Amino acid sequence: MPTFGSFALLLALALSGYTLLAGAVALYQIAMRARARVAPERLAETARRAGIGSFIATTAAAFALVWAAFNNDFSVAYILHHTNRALPGPYKFAALWSGQEGSLLLWAWLLSAYGFVLRLRHKVDVKLTAYASTILAGVQVFFLLLLNFAAMPFSLVSGPVPQDGFGLNPLLQYPEMVIHPPMLYLGYVGFAVPFAFALGALMMRYPGEKWIHITRRWTMVTWLFLTCGIFLGAHWAYSVLGWGGYWGWDPVENASLMPWLTGTAFLHSVMMQEKRGMMKSWNVWLIFSTFMLAIFGTLLTRSGLVSSVHAFAQSSIGTWFWTFLIIVMSVCLFTFILQRDHLKAENKLESLVSRESSFLFNNLVLLAACFTVLWGTLFPVLSEYIQGNKVTVSAPFYNRVAVPIGLFLLFLTGIGPLLAWRSSSFKSIRKNFVLPSIAGLAAAVVVIACGVHPWEIFTTNEQGSFYAFFAFSLGAMVVTAVSAEFLRGAGVISRHTSQNLFASMVQLCRRNTRRYGGYIVHFGVVVIFIGIAGSAFNQSREEELGYKQSLNIGPYRVECQSYSQDSNANYDTEYALLDVYRGSKKITQLAPEKRFYAASQQPSTIVANHSTLAWDLYVIYAGKNPDTGQPIIKVFLNPLIAWIWIGVGIIVGGTGVALFPNMTAALAAARNRVPAAAQAAAAVPARGGD
Amino acid sequence: MIIIACGLLFLGILFYVFYPERHVEEQHQKTRLEYLRERKDVLYDNLRDLNFEYRAGKYVQEDYATQQADLENETAEVLAEIDVLESQPR
C-alpha cells in the first residue's frame, strides 16, 4: 500500500501540473486568438479532465493511508507515529489528519474534491470556470509538491518494523476530534474556490458581478464549515483540555479565526457589489486576504512558528509555505495592478446613514478585529526577532480589544437591517429605531435589576459585568430588530395571501432565503454573545474530597461516592464517582477521569459536565493527594454556556435556509392559488428584499 | 498486485483525460449586452425590494420616492443601452 499511495500522489502531482500548464496555455491561446495545432478548447478540456483525474489519484492516496492505519502497517513511519493496535477504529481513521503529513494530505484531498465539483459544474460559465480551475490547479500543485518532496506521508521506517505503534496523542482521542479538523479544513480549503473565481474574473476582466452569484453558495458553505470547525474546536477545548474555558486565544485558534473574520466581512460586502456595483477592489482584496490567511493559518499549525497545544513540531515546511504565500501575494498584486481599472465602482457612497455605510463599518470593524488577532499572534515571533526575547501576548490583551469590537459588531448587526440602501432620512430612522431602542433599554433595566452592575468597572475595575450588561442590552435590541423585520415582511405577505402569520413567515423566508436566512444567522450570533456574556459570572472551587465529603457551588452540592482506578489495552484511568444534589434532590452522577495512555505515555483529562440552559457544572479530576490518597476535585459553575452551542445550531439552520434557492413568484402564486391577474399586481411587492 | 493497481490507475486516468471528445464546450466571451441584461435583472430586484420594504412600513414616503426615482433612472439608462445594442446588426 505505501508504494501505491506514493505512486498515486506522484500521479496526482503530474495531473495537477498538466491542468495548470495546459489550462494556462489554452487560456492564453484563446485570449490572444493564437493559432495552434490543437484547438485551445480541446486542450482546455483535457486540462479540466486532468483536474478531475487528480481528484481520483489524491483519493487513492488518502485511501492508501487510511488502509495502512486500519491494517496496522507500521512499516509506514506516519502510521507508526500516530496509531497503535489498540486504538479504536474511528481514531485510526482520524489518524489521517492527526499528524503533519496526513493533514497536508487531507488539505490536498479536500482541495481536489472542491476542484472536482467545480470542474463537473463547468457549464455554468465555461470560460470563468476554466480560469478558476487553472488557479486551483496551481494551489494543488503546491500541496502535492509538499506531499511528494517535503512531508511524505508514505515514508518507510528504517530498520526493523516495530510490533506496535506509538499511539495517537491522547488529546486527540475524543469524538469531536474525528470531525473538528475536517470541518476546519473544509473551511480553510473551501476559500480557495471563491479566491480562484475572484482572481480568474479579474484576470479575464469578467464583465459584471455574476462571478459573485456563481460563488455565493461556495462561500456560504465554506464559511459555515469554518464556523462549525471553530466552534467544534471550542467545544473540544472545553471538554478535553480541562481548564473550564472554551477559547484561550491560542495561536492556532487565532489562525482559524482570522480567515473567518475576513470571510465574514467578504460575505457582507459582496452584497454591495452585487446590488450597487460598489467596493469591487475592496472585495477582491478581502477574498485574496481570506485565502492567504487560510494558508497562513495552515503555516502556523504546520511549521512550529508559534507554540500551541494544537501545533505540530518545528519543521522545514515553513519555508515552502512562506514561498507559496509570497508567490500568491505577488500574483494577486500583479493582477490587481494590471487590471485595477476594471474594478472601478459604478456608484458612490451617498450617505453615512445608509445600508452601505453599515456594511462598510461592519467590514472595518471585522478587519480591525482580524488585525488585532494577527498582531497578538505574531507579536511573540516579532518580539523575539527584534529584541531577542519572546514576549507572549495572553488572553487579557485580546479580551481588552476584541470584546469591545465584538459588542460594536453586535450593535451594527442590529442597526444594519433598519437602514435603507443609498440613504436614510431622520424620519425613517426614528420610525425603525424606536422599538429596538425601547427593547434595549428595557433589557438594560432588567439586567441591572438582576444584579449586573456595569458601573463596577469604575469602582472595582471589574470589566465582566460592564461588557455583559452591554451584551444583554444590545442582544435584546438586535433580536427586536430582526423580529420586526420578520413580522413586517410576513405582514405584507399575510395581507396579500390571507395566510396566518407563521405561514407568511415561512413563505417570506422561502422568497428571499438569503436575506431571511441571514437574519436567522444574526439571531444565532446574538445567542452566542449571550452565552459568552455568561462567562463574566463564572465561579470555581477546588477541594480534596474523601468518601461522602462534599463541596457546594452555586445551587449544587457535589458529594464523593467513591474513587477508584481501572485499565484497558489503550489506557489506565483514575476516576471519582460524584453525586450531584440540588437542595436535597439528587439530580445526576458525574465521573471525571484522569487517563494515562500506554502507547504514547501521555496523560489526559476527561471532564464530567452536567449542562443545563442556565449553567454548566463542569468537574475535573485534578489528581490524587499523595499524602492522603484522596482525589482532588475542581468544580466550575459556568453560566449560559449551553447557549453558545445552541447559537451555533441556529447559525447552521440560518445558513441552511440561505443556501436554498428562492421560491419564484410563479411558484408562490400557484401555492397560494392567487388568481393570475391579482398575482401580477402582487408580484412586485411579494418578494422580501436584500 | 500493487504494480497492477498502479498501472490500472495510471491507464484509467490517462484514457479518461485524453479520450477524444466530439463535443467540446466553447469558451464564450461575455458580451456587453449580456452584462446589461444581468444588470437589468439586479435593478428590477432592487426595485422589488424597495417596494416590498415600503409596503412593510419601513420607509417614509419621501425616502421611498427618492430611492424609487434613482433606481428607475438607473434602470432606464440600462434599458436604453440594451435597446441600442439589440438594434445593432450582429
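Q: How do you know that the length of helix α15 of chain A agrees with what its 24 residues should span?
A: Happy to show you, bearing in mind that this is a predicted model. At 1.5 Å a residue, the 24 residues of α15(A), residues 426-449, should span 34 Å. The C-alpha atoms at its ends are 33 Å apart, so the two values agree.

Q: What makes α15(A) kinked, and where does the kink lie?
A: The bend is the angle between axes fitted to the seven residues ending at a residue and the seven starting there. In α15(A) a kink of about 40° lies at F433(A), and the proline P436(A) follows shortly after.

Q: Which residues of α15(A) are called buried, and what makes them so?
A: A residue is called buried if 20 or more other C-beta atoms lie within 10 Å of its own. In α15(A) this label goes to S428(A), N432(A), P436(A), A439(A), G440(A) and V447(A). P436(A), the proline that comes shortly after the kink, is thus one of the buried residues.

Q: What do the buried residues of α15(A) pack against?
A: Their partners come from both chains: α14 (395-415) and α17 (463-497) of chain A, together with α3 (61-87) of chain B. Just after this helix, G451(A) takes a positive phi of about 105°.

Q: How many residues are in contact between chain B and chain A, and what makes two residues count as a contact?
A: Two residues are in contact if their C-beta atoms lie within 7 Å. By that test, 39 residues of chain B are in contact with 48 residues of chain A. On the chain B side, the elements giving two or more residues are α1 (2-18), α2 (32-55) and α3. The largest share, 13 residues, comes from α2(B). By class, the chain B side has 17 nonpolar, seven polar and 15 charged residues.

Q: How do you know how the reach of α2(B) compares with the expected span?
A: This helix has 24 residues, for which 34 Å is expected at 1.5 Å a residue. From its first C-alpha to its last it reaches 34 Å, close to that expectation.

Q: Which elements do the buried residues of α2(B) pack against?
A: They pack against α10 (251-276) and α17 of chain A, together with α3 of chain B. The buried residues include L36(B), R39(B), V42(B), N46(B) and R48(B). Just after α2(B), G57(B) takes a positive phi of about 85°.

Q: Why is N72(A) counted as buried, partly exposed or exposed?
A: Buried needs 20 or more C-beta neighbours within 10 Å, and exposed needs 12 or fewer. N72(A) has 17 inside 10 Å, so it counts as partly exposed. Its place is the loop between α2 (40-70) and α3 (77-82) of chain A. Phi of N72(A) is positive, near 50°, in a residue other than glycine.

Q: What about K548(A): buried or exposed, and why?
A: K548(A) has 10 C-beta neighbours inside 10 Å, so it counts as exposed. K548(A) sits in the loop between β1 and β2 (550-553) of chain A, and has a positive phi of about 70° although it is not a glycine.

Q: What makes strand β10 of chain A mostly covered?
A: Seven of the nine residues of β10(A), residues 631-639, are buried.

Q: How do you know which strands pair with β10(A)?
A: Two strands pair if at least two bridges are found between them. Strand β1 (residues 539-544) of chain A shares six bridges with β10(A), in the antiparallel sense. Strand β9 (residues 615-624) of chain A is joined to β10(A) by nine bridges, also antiparallel. For landmarks, E544(A) stands opposite I632(A), and W615(A) stands opposite P639(A). The hairpin of β9(A) and β10(A) has six residues between the strands, and there G629(A) takes a positive phi near 75°.

Q: What makes β6(A) and β7(A) a pair?
A: At least two bridges are needed, and five join β6 (residues 593-597) to β7 (residues 602-606), which run antiparallel. E593(A) has I606(A) as its bridge partner. In this hairpin, with four residues between the strands, Q601(A) takes a positive phi near 55°.

Key: Residues are numbered from 1 along each chain as its sequence is written. Chains are lettered from A and ligands numbered from 1 in the order in which they are written. This is a predicted model: local features need pLDDT of at least 70, side-chain atom pairs count only at pLDDT 80 or more; totals for chains, interfaces and linings use all residues. The expected span of a helix is 1.5 Å times one less than its number of residues. Ala, Val, Leu, Ile, Met, Phe, Trp, Tyr, Cys and Pro count as nonpolar, Asp, Glu, Lys and Arg as charged, and the others, Gly among them, as polar.
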